[in-house]
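Here is my notebook page for today. I opened the model and looked up a few things, one entry at a time.

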Amino acid sequence: MPKPTSPVFRRPGGAPNTTIVGASAAGLFLASRLAERGNAVTVHDRATRLPPQPRTLIVTSSVKEILGSQLNGSLVNEIRRYELYADGVSANVELSQPDLVVERSTLIDSLARQAQALGAEIRLGERLVGMDPDDRGLTTTFEGSNGGKTRTSSAIVVGADGVNSTVARRGGWSQLPTVPVVQAVVRLPDDLAPDTTRVWFRPQDTPYFYWLIPESETTAVLGLIGDDACTARRHLDGFLDEKALPALSYQAARIPVYERWTPLRRRVANGEVFLVGDAAGHVKVTTVGGLQTGFRGAAAVGEYIDTGSRRQMRALRRELSRHQLIRRAIHGFDEDSYRSVIRLLGPRAQSTLGTYSRDESNKLLWRLCMREPRFFLLGLRGLLTGSRTRQSSDTALTPTDTAHQETQASPVS
């Protein structure tokens, strides 16, 4: 049976023009997918050069299924073991498939080269300043670093321009909430093997965790996710002092927080607008990791443009919703709760965590609760506690507080 096609995208005379705003990992991945299928694709980015600043990321081995050999150049280490700590108790988890440590700037450079090889055009130093309807779709206006302007008419415009997406704002999407991620490059401690990651749960500092991820046999990154950048940096520096790990350099970013599913497509006049990556909030809220889910979102948009199918979109929505449920359950955990979690990690539970990755949340949750039902009770208690905390916080907000929050969340041009 032939693939169904949508007349919106398959216009008479050939494939549609597609403008992608943002040379992010998700945007470049989508550019390759569309160019390979015959779309005329142009990627615009306000940066004057690629790749961006270095930032170390850790992903599951499932990314290999998406990128294949293209991942090799950016792969800097493999993690086969996790050490988990919470206020005097600890547990170890051996992974059946290693997690992968990748360097983001190298990966983006590789993705850009691949997109160009498949026929996509990449234009740097161009900032989106207009998106207006025309007879064929949408006219996007870009301002260059010299002040000159260029205009392009496209049937499809894709926002891959990060959490403060100009495309999202001009397309009518709401601004996404964000959290800061800050980490320091440090010398690898003498007592840590290069294939082992350490995680500390300290709810008094962060509702997430601290991590120490080796990126080579000599260096590692130690970081955390905070509620605000200044507090996160202060906690990080204090933790570095405690562990006697001087910072060699710092890396930082703001990451969207997934609160609800953001529709990936909107019809604007005669054109179609899509969001991918951080612009769409495609981040696992359990770990605030978005590389793998960003690729999945880009693949879902590519599938929809090519066939009209929403299958991959629905699968990604279910996955992100499961991570949201987990985060709601543990977001209000105190030290006693985390100690209880780690004490429950006996051999069977450790085996489950080592077998199923965080990108297989459905299988992981089901088997973990089947092997140790007390995890379900802990999660249920966390959900109830978190619900009461959120209700109390909402009640305590004054009109002045709300106005301040809205001002702080306004997009930056």
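In which hand, left or right, does H1 pass H6? I looked, and H1 passes H6 in a right-handed crossing (the near helix is turned clockwise from the far one by less than a right angle; anticlockwise would be left-handed).

Before going on, I noted that this is a predicted model, where local features need pLDDT of at least 70 and side-chain atom pairs count only at pLDDT 80 or more, while totals for chains, interfaces and linings use all residues. Residues are numbered from 1 along each chain as its sequence is written, and side-chain values use heavy atoms, leaving out hydrogens and water.

Entry on the helix pair. I found that the axes of H1 (residues 25-36) and H6 (residues 291-307) come within 9 Å and cross at roughly 35 degrees (axes are lines fitted to C-alpha atoms over the stretch in contact, with angles from 0 to 180 degrees between N-to-C directions). On the H1 side I listed residues including Phe-29, Leu-30 and Leu-34, and on the H6 side Phe-295, Val-301 and Ile-305 are among those met. The residues of this contact divide into 11 nonpolar, two polar and one charged.

Entry on Ser-105. I located Ser-105 in helix H3 (residues 104-117). Ser-105 is buried, with a relative accessible area of 7% (buried means under 20%, with a 1.4 Å probe and protein chains only). Leaving out residues up to four places away in sequence, Ser-105 touches Pro-51, Pro-52, Gln-53 and Pro-54 (contact means heavy atoms within 4.5 Å).

Entry on the whole chain. I noted 12 helices and 17 strands (DSSP runs of at least four residues for helices, H or I, and at least two for strands, E). Of the 413 residues, 49% are buried.

Terms used:
Buried < 20%, exposed > 50% of the residue type's maximum accessible area, 1.4 Å probe, protein only. Nonpolar A, V, L, I, M, F, W, Y, C, P; charged D, E, K, R; others polar.
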